[in-house]
Amino acid sequence: MNSDILKELYTKYVGTEPAHVEEMPASGSNRHYFRLTGEQSLIGVLGECREENEAFLYMDKHFLARELPVPRVVAESDDHMAYLQEDLGDLLLFKAIEKGRKTRVFGEEEKKLLAKTIRLLCKFQFVGADGMDFDYCYPAKEFDSRSIFWDLNYFKYCFLKATGLEFNEGQLEDDFQRLCDVLLRSNSATFMYRDFQSRNVMIKDGEPWFIDFQGGRKGPFFYDVASFLWQAKANFPNSLRHELLKVYLQELKKYKFVDEQYFYSQLRHFVLFRTLQVLGAYGFRGYFEKKPHFMQSVPYAINNLRELLKKPYVEYPYLNKLLNNLVNMSQFTDELQKHMLTVKVMSFAYKKGIPNDPSGNGGGFVFDCRACNNPGKYDRYKPYIGLDEPVIKFLEDDGEILTFLDHCYALVDASVKRYIERGFTNLMVCFGCTGGQHRSVYSAQHMAEHIHKKFNVKVELVHREQNIEQVFTPIQK
């Protein structure tokens, strides 16, 4: 890519030639970025679409006039195909929250950055819209039915068809129209960033700065909230999404009256729409342009969609059915199985040793049942094990083991929930007693059934001293 025009702009602005020009890694767009260093460090941009460049240049001046944190454009070519802007450094918000993304446990500093960002988003949407001439926006000046169908058809033709899944196009289009009607009932005169996600936020001196807003237009604020909190590879757990939504709502109330019940109800439809739009983009960039970064993101977006569908979209019956078929295709479920939690529950006798953890992660619990009343003290129970009715009746009538298990459930439930959120694949829960016959068998059996019923995860149950094994498989919903 010829960067001579950027060198000329730099020399004219700074007064000396750049000492070094380095092309920066490509992003999802067709623009090319360069870092020019010398007496100053500036970012040079070469765009392939004049209208898109002009949209950015106009918005940049507009946002700066409203004291919003965007990089200042310091020089531009006469044809608007090249420009120089401030260098904000190299730290993307996406990188700043990397530890949280990978572990699904976000630290306080990461949460603070995310809260700052979502507050600032709200300010952009309302303050940024004040006085904006939306006629400069490209390729559309507002979020309307045409732009909605562009994105829905993007999903249909670039992702759905590429999977090979059969569907009735007429019925699908009917539900697309219903979705369009729902999305447009909350249109507003706010600025809609459209591609608002952590890769489009820079962190400088601990504060967020917004970049790549040239695709923005007039539209509903729900869209950007959905884009940010459900960004596929951001990998936010639901608990963090709920925290950040509360932060956003506090900020939103500074600008308008908010019916929270309606807000959450309407947001859900935008999350679905944005997820479909993103899958369309991944399909085009991945299946057709053969860019591996986008294909790597598909499983994350499919997981988002799978979670959304746990609460059916009854407003769109055919689309809801089709999407359930989509997420259950083997090419997506095979990948999911690699990241699903398996809980191994065992009963054992202490005199034969605590079971080894075959997963190698060393995580889990060993509970000692020997403080509970022991039916093994009585000859009449010696022929039985903790799965047999006489032993079950003895233990439950006595009651000690029920209180014991309630405490065990509370501890294990907390771990299972967090392990699922973090994408961990193995957890081990063991119950030991004197002989591995009565109390430990009863406890392990009930724990396995409890976990499977409550969390619908795979549970492998082993009563070691009894040579009994059982597998509880997740129920497909």
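Where is Asp212 placed? Asp212 sits in the loop between β8 (207-210) and β9 (217-218), and we'll come back to its neighbours below. Keep in mind that this is a predicted model. Two open sheets of five strands each give us handy landmarks: one has the order β1-β2-β3-β5-β4, the other β11-β12-β10-β13-β14.

**The sheet with β1 to β5**

- Pairing in the β1-β2-β3-β5-β4 sheet is antiparallel.
- β1 (20-23) and β4 (73-76) are the edge strands; each has a single partner strand, so one side of each goes without a neighbour in the sheet.
- From one strand to the next, the twist averages 25°.
- Strands β2 (residues 32-37) and β3 (residues 42-46) run antiparallel and are joined by five bridges; Phe34 has Gly44 in β3 standing opposite.
- Helix α1 (residues 4-14) packs on this sheet, where it touches β1, β2, β3, β4 and β5 (82-86). The direction of α1 makes about 50° with that of β5.

**The sheet with β10 to β14**

- Here the strand order is β11-β12-β10-β13-β14, and the pairing is mixed.
- The edges belong to β11 (364-368) and β14, each with a single partner strand, so one side of each has no neighbour in the sheet.
- Twist from one strand to the next averages 10°.
- The parallel part includes β10 (residues 342-349) with β13, paired over six bridges; within that pair, Ser347 has His463 in β13 as its bridge partner.
- Helix α15 packs on the sheet and touches β10, β11 and β12 (426-433), with its direction at about 175° to that of β11.
- Helix α16 (residues 439-455) packs on the sheet too, touching β10, β12, β13 and β14. Its direction makes about 170° with that of β10.
- An antiparallel pair is formed by β13 (residues 458-463) and β14 (residues 468-472), joined by five bridges. In this pair Glu460 stands opposite Val471 in β14.
- The β13-β14 hairpin has four residues between the strands, and Asn467 there takes a positive phi near 55°.

**Tyr419 on helix α15**

- Tyr419 belongs to helix α15 (residues 400-422).
- Is Tyr419 buried or exposed? Tyr419 counts as buried because its relative accessibility is 17%, below the 20% cut-off.
- Leaving out residues up to four places away in sequence, Tyr419 touches Leu341, Gly363, Gly364, Phe424, Asn426 and Leu427.
- For a sense of scale, the C-alpha atoms of Tyr419 and Asp133 are separated by 48 Å, with their positions 286 residues apart along the chain.

**Cores and a covered helix**

- The largest nonpolar core has 98 residues, and Phe263 and Leu326 have the most contacts inside it. Helix α10 (residues 260-288) supplies the largest share of this core, ten residues.
- Leu326 touches Phe155, Phe159, Leu160, Thr163, Leu165, Leu305 and Phe332, not counting residues up to four places away in sequence.
- Another core, of 34 residues, lies apart from the largest one; Leu405, Tyr409, Val416 and Ala448 are among its members.
- Helix α8 (residues 222-229) is mostly covered, with eight of its eight residues buried. Phe222, Asp224 and Phe228 are among them.

**Asp212 and its partners**

- With a relative accessible area of 17%, Asp212 is buried.
- Its side chain makes a polar contact of 2.9 Å with that of Tyr33 and one of 3.5 Å with that of Arg31.
- Beyond its neighbours within four places in sequence, Asp212 is in contact with Arg31, Tyr33, Phe56, Tyr193 and Asn200.

**Backbone oddities in loops**

- Tyr138 and Pro139 are joined by a cis peptide bond, with omega about 10°. Pro139 lies in the loop between α5 (108-127) and α6 (145-163).
- His80 isn't a glycine, yet it has a positive phi of about 65°. His80 is in the loop between β4 and β5, and at 21% relative accessibility it counts as partly exposed.
- Asp205, also a residue other than glycine, has a positive phi near 55°. Asp205 is in the loop between β7 (201-204) and β8, and counts as exposed at 73% relative accessibility.

Methods
Residues are numbered from 1 along each chain as its sequence is written. This is a predicted model: local features need pLDDT of at least 70, side-chain atom pairs count only at pLDDT 80 or more; totals for chains, interfaces and linings use all residues. Side-chain values use heavy atoms; hydrogens and water are left out. Buried means under 20% relative accessible area, exposed over 50%, partly exposed in between (1.4 Å probe, protein chains only). Contact means heavy atoms within 4.5 Å. Two strands pair if DSSP finds at least two bridges between them. Axes are lines fitted to C-alpha atoms, for helices over the stretch in contact, and angles run from 0 to 180 degrees between N-to-C directions. A nonpolar core is a set of buried Ala, Val, Leu, Ile, Met, Phe, Trp, Tyr and Cys residues joined through side-chain atoms within 4.5 Å. A polar contact is a pair of N or O atoms within 3.5 Å; within protein, one must be able to donate a hydrogen and the other to accept it, and residues adjacent in sequence count only if both atoms are side-chain atoms.
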